[in-house]
Amino acid sequence: MGRDLVLIAVCLAGILGGVSIPETAAVFSPYVLQCMMVILFLSFLRLDFKALVGLGGTALFEVAVWSTLKLLVLPIFVWSVCRLVFPDYALAVLLLAGVSAGVTAPFFAGLLGANVERVLQVVVITSLLVPLTLPSLARLLMGAELTIAYWPMVRLLFLVIFIPLFLSLGMRRAMPAAMPYLARYQFPILLVLFLSINLGVFATYADFLRAHIKEVVTIIVVCCCNALVFAGSGFLLGRLSGGRLKGLDGAVLMTYVNNVLIVVFAARFFGPTEPLMAAAYLLPLNVMLLPIRFVVQCETKYCH
């Protein structure tokens, strides 16, 4: 919990710094993409891709269901609802809901008692597929309103995800002795990177934030509602499956997403609403530990 609070504090500091001193914070704006790639590189170093070997039977079924829910069913559902209630935020919600399960999800899975191996498997699969699924959904559902070509979006996502992925795999083989040292200093490095990203992103939109306070509050509220829907969808599917799927696994996978990737992606092609919503999701993302844990405790008490 201590690290979560530190991360939240650093993210808030980046937001406040970007808004209050945009001229100074703007020095980080050109390097947001590179910072995101370093974050993914460090996160991929922690993932054991051997978990995909021999994936079959029940495990394959669970991974397929959760991946389909994460990349297709859930984003289409929340986009449809938002289209009716908050049409101006429909694209932002679609991007946030349609991104891959987060590389930090295995950490939160262990913290909450979910199946870490299953969560890891879905993180890897959705990370490999999202460069194709997310631009496709955006074009399919928002095609008439988008002026951005499809392939530039695909290329950016492939660049941001696969270069860190291949570099991490290469380092595992070529420099295994360096892994413990990186693991030791990974968290402070991540804090610096998250701070740099928030400073760079929010410096770009500082004028917009100052002029649209009410809209910013609305974006935060929408993010909180999305977080509840994301977690709830996991628990709901777990119930509907009759025990074949573990609801806690789904809640973790749906809630802890690669929203920072959307900050980078949306800042290149959309804005300012889309990257701001993805960045604002950092707030409920960490706070959701509490309601998810509460639901798990209630279910355990009810079952016993």
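**Helix α8, its cover and a nonpolar surface patch**

Helix α8 (residues 150-174) has 25 residues, which at 1.5 Å a residue should span 36 Å, and the distance of 36 Å between its end C-alpha atoms agrees with this; the expected span is 1.5 Å times one less than the number of residues, and helices are DSSP runs of H or I with at least four residues, numbered from the N terminus. The model is predicted, so that local features need pLDDT of at least 70 and side-chain atom pairs count only at pLDDT 80 or more, while totals for chains, interfaces and linings use all residues. Residues are numbered from 1 along each chain as its sequence is written, and side-chain values use heavy atoms, with hydrogens and water left out.

Among the buried residues of α8 are Tyr150, Val160 and Met171, where buried means under 20% relative accessible area, exposed over 50% and partly exposed in between (1.4 Å probe, protein chains only). The cover over the buried residues of α8 includes α3 (32-46), α7 (116-142), α9 (179-204) and α13 (259-269). Val264 is placed in helix α13, and counts as buried because its relative accessibility is 3%. The C-alpha atoms of Val264 and Val160 are separated by 9.1 Å, although these residues are 104 residues apart along the chain. When neighbours within four places in sequence are left aside, Val264 is in contact (heavy atoms within 4.5 Å) with Val32, Leu33 and Met36.

Turning to helix α4, Val81 lies in this helix and counts as partly exposed because its relative accessibility is 38%.

How values were computed: Helix = DSSP H or I, 4+ residues; strand = E, 2+ residues; numbered from the N terminus.
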